[in-house]
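Biologist: Please take a close look at the nonpolar core for me. Start with the terms, then go through what lies within it and around it.

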Amino acid sequence: MAKLSVIVPFYDETAYLRSALNSIRAQRIDGVQILVVNDNPDRFSADDLAALTAGTGAEVICHDRNRGLSAARNTGMRAARGRYVGFLDADDYY
């Protein structure tokens, strides 16, 4: 079981996503699960997100259509395996 799951809802924050993911890794928490939820599948495919998150250890979950921020967070919650859950917007950093 992961100690911590961090859910990162993504819509169109391509310029910031890698910094957000790297900031999670920089916390040096063993067993962290990073979940990026793609809530803009009309513009960004699963392959696009795989390229944007490459090397970060993040898992990508893609919605079939835009559902909104709350739905992206809820999707991440359903996939979270951590004892604790955190959230980080894709255009922010820890």
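Modeller: A nonpolar core is a set of buried Ala, Val, Leu, Ile, Met, Phe, Trp, Tyr and Cys residues joined through side-chain atoms within 4.5 Å. Buried means under 20% relative accessible area, exposed means over 50%, and partly exposed is in between (1.4 Å probe, protein chains only). Before the details, two notes on the source. The model is predicted, so local features need pLDDT of at least 70 and side-chain atom pairs count only at pLDDT 80 or more, while totals for chains, interfaces and linings use all residues. Residues are numbered from 1 along each chain as its sequence is written, and side-chain values use heavy atoms, with hydrogens and water left out.

Now the core. The largest one has 16 residues. V8, L21 and I24 have the most contacts inside this core. Three elements each give two or more residues to it: strand 1 (4-10), helix 1 (17-25) and strand 2 (32-38). Helices (H or I, at least four residues) and strands (E, at least two) are DSSP runs, numbered from the N terminus. A second core lies apart from the largest one. That second core has 5 residues, among them I7, L35, V37 and I61. In soluble globular proteins, nonpolar side chains tend to be buried together.

Follow V8 next. A contact means heavy atoms within 4.5 Å. Leaving out residues up to four places away in sequence, V8 touches L17, L21 and I24. V8 also touches I34, L35, V36 and V37. Its list ends with L88, D89 and A90. One name on that list, L35, also belongs to the second core.

L21 leads us to the other end of the chain. D92 sits in the segment after strand 4 (84-87). D92 and L21 are 71 residues apart in sequence, yet 9.3 Å apart in space, C-alpha to C-alpha. D92 counts as partly exposed, at 38% relative accessibility.

Now step back to the whole chain. It has 3 helices and 4 strands. From the N terminus on, they run β-α-β-α-β-α-β. The radius of gyration is 12 Å, close to the 12 Å that the globule rule gives for 94 residues, so the chain is as compact as a globular protein of that length. This radius is taken over C-alpha atoms, and the rule is 2.2 Å times the number of residues to the power 0.38. The C-alpha trace spans about 35 × 25 × 20 Å along its principal axes. Of the 94 residues, 39% count as buried. Take the contacts between residues at least 6 apart in sequence: 78% of these join residues at least 24 apart.

Finally, look around the core, at some loops and a helix. R28 lies in the loop between helix 1 and strand 2. R28 has a positive phi of about 55°, although it is not a glycine. With 76% relative accessibility, R28 counts as exposed.

R83 is in the loop between helix 3 (69-79) and strand 4. R83 is exposed too, with a relative accessible area of 63%. Not counting residues up to four places away in sequence, R83 touches M1, A2, K3 and L4. R83 and V32 are 51 residues apart in sequence and 9.9 Å apart in space, C-alpha to C-alpha.

R43 has its place in the loop between strand 2 and helix 2. R43 has a relative accessible area of 54% and is exposed. R43 touches D12 and D48, again leaving out residues up to four places away in sequence. The C-alpha atoms of R43 and N66 are 10.0 Å apart.

A46 lies in helix 2 (residues 46-53). A46 is partly exposed, with a relative accessible area of 45%. The C-alpha atoms of A46 and V60 are separated by 7.6 Å, with their positions 14 residues apart along the chain counted as the distance apart.
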